Amino acid sequence: MAKTARRKQLESAALYPLDWTEERSGLVGYTKWFLFRRVPHDISWAQTLGAAALTAFIVQVLTGVVLAMYYKPDPDAAYASVVNITENVTLGWLVRGMHKWGASVFIILLFFHMARVFLFGAYKYPRELNWIVGVLILVAGMAEGFTGYLLPWDNTAYWATAVGININATGPIVGPFLAQFLQGGLNIGTDTLPKFYAIHMLVLPGAIFALIGLHLYLVVRLGVTSPPWSQTAAGRERHESAGDREGLIRDPSAEAEA
Ligand code: HEM
């Protein structure tokens, strides 16, 4: 059916901002490249674990931003500010709870995602670099947990950090320097808390953002791996399946001969 003049007018009005942006930045093309791509037809829920980890990370960022508006990284005020968030700030208890439990959810999802990648052999050529990027994300994610644990500045936080720093101090050569750097002196003191806070809410989230960007670029560039049991993955020897017998899967070589 031919489009009416009115509809054409509406369509071009709706597309105008997109055309405007595309002509000046190419961003619409990049977004299409990122979102509309081919994936194997036999992928499953297992391949959604990366996106689940991404969602958990975004929840951490959003709840962390709210907490940062009320938290005070000063040894004399930190504990009281956390109590204030939990007891007085509207829905503060919820935001704090989401951030605290969300941290564990994020790490657990990372391990599930890693297990999926490992069991599917998706870390092999040409995706080794993406595995390495993933390991860096995991290390940064665990460092987020370590630095965040000190922030409530209660006894558990203090002594858990003391143990963590002492473990670091036993490392060969760099160990003592690392411990002293983390403490901001010879003991855990007034400089430790602001340092951990800066690392927790600026350095590590920035690094994780950049690494996730690189990770997703590589996912799009290299494509998602088919499951190991896939009958139709590229370069795989074909075995006769129910689909073949019923003529559901086309054999291009047979078609060429005919
Ligand atoms: C914030 C952390 C992470 C996010 C947001 C993330 C996100 C994703 C997404 C969306 C995919 C594509 C679909 C899927 O397989 O789920 C993917 C694939 C992949 N991820 Fe991650 N990931 C993260 C951490 C990790 C870690 C810790 C590793 C391993 C150490 C890893 C290794 C890989 C590899 C090798 C692929 C390619 C898999 C394939 O081609 O089938 N990722 N990631």
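Me: How far is a nitrogen atom of the ligand from an N or O atom in the side chain of H215?
Reply: The model is predicted. A pair of N or O atoms counts as a polar contact within 3.5 Å. Between the side chain of H215 and a nitrogen atom of the ligand, the separation is 2.8 Å.

Me: Which residues coordinate the iron atom of the ligand?
Reply: Donors are N, O and S atoms within 2.8 Å of the metal. Two NE2 atoms coordinate the iron atom, at 2.0 to 2.1 Å. They belong to H113 and H215.

Me: What is the geometry of the site of the iron atom of the ligand?
Reply: The site has six donor atoms. The angles among these donors run from 87 to 179 degrees. The geometry is octahedral.

Me: How many residues apart in sequence are the parts that H113 and H215 tie together?
Reply: The iron atom of the ligand is coordinated by both histidines through NE2. H113 lies in helix α5 and H215 in helix α9, so the pair ties together parts of the chain whose separation in sequence is 102 residues.

Me: Which residue has a polar side-chain atom 2.9 Å from an oxygen atom of the ligand?
Reply: A backbone N or O atom of G223 lies 3.5 Å from an oxygen atom of the ligand. That contact is from the backbone, whereas the one at 2.9 Å is from a side chain. The side chain is that of T225.

Me: Which element gives the largest share of the shell around the ligand?
Reply: The ligand sits in the second largest pocket. Elements giving two or more residues to the shell are α3 (49–68), α5 (92–119), α6 (128–150) and α9 (192–222). The largest share is six residues, and it comes from α5.

Me: How many residues of the shell around the ligand are nonpolar?
Reply: There are 25 residues around the ligand, with Q47, H113, R116, H215 and T225 coming nearest. Two residues of the shell are charged and eight are polar. The nonpolar residues number 15.

Me: Where is the proline of the cis peptide bond from Y125?
Reply: The cis bond runs from Y125 to P126, with omega near 5 degrees. P126 is in the loop between α5 and α6.

Definitions and conventions:
Residues are numbered from 1 along each chain as its sequence is written. This is a predicted model: local features need pLDDT of at least 70, side-chain atom pairs count only at pLDDT 80 or more; totals for chains, interfaces and linings use all residues. Side-chain values use heavy atoms; hydrogens and water are left out. A residue is near a molecule or strand if one of its heavy atoms lies within 4 Å of it. A polar contact is a pair of N or O atoms within 3.5 Å; within protein, one must be able to donate a hydrogen and the other to accept it, and residues adjacent in sequence count only if both atoms are side-chain atoms. On a 1 Å grid over the protein atoms alone, a cavity is a set of points where a 1.4 Å probe fits but cannot get out, and a pocket is an open set with protein on both sides within 12 Å along at least five of seven lines; lining residues have an atom within 4 Å of a point. A molecule sits in a cavity or pocket if more than half of its atoms lie within 2 Å of its grid points. Helices (H or I, at least four residues) and strands (E, at least two) are DSSP runs, numbered from the N terminus. Ala, Val, Leu, Ile, Met, Phe, Trp, Tyr, Cys and Pro count as nonpolar, Asp, Glu, Lys and Arg as charged, and the others, Gly among them, as polar. Donors are N, O and S atoms within 2.8 Å of the metal (3.2 Å for Na, K and Ca); water is not among the atoms, so sites may look incomplete. Four donors count as tetrahedral if all angles lie between 85 and 135 degrees; four count as square planar and six as octahedral if opposite donors are over 155 degrees apart and all others between 65 and 115; anything else is irregular.
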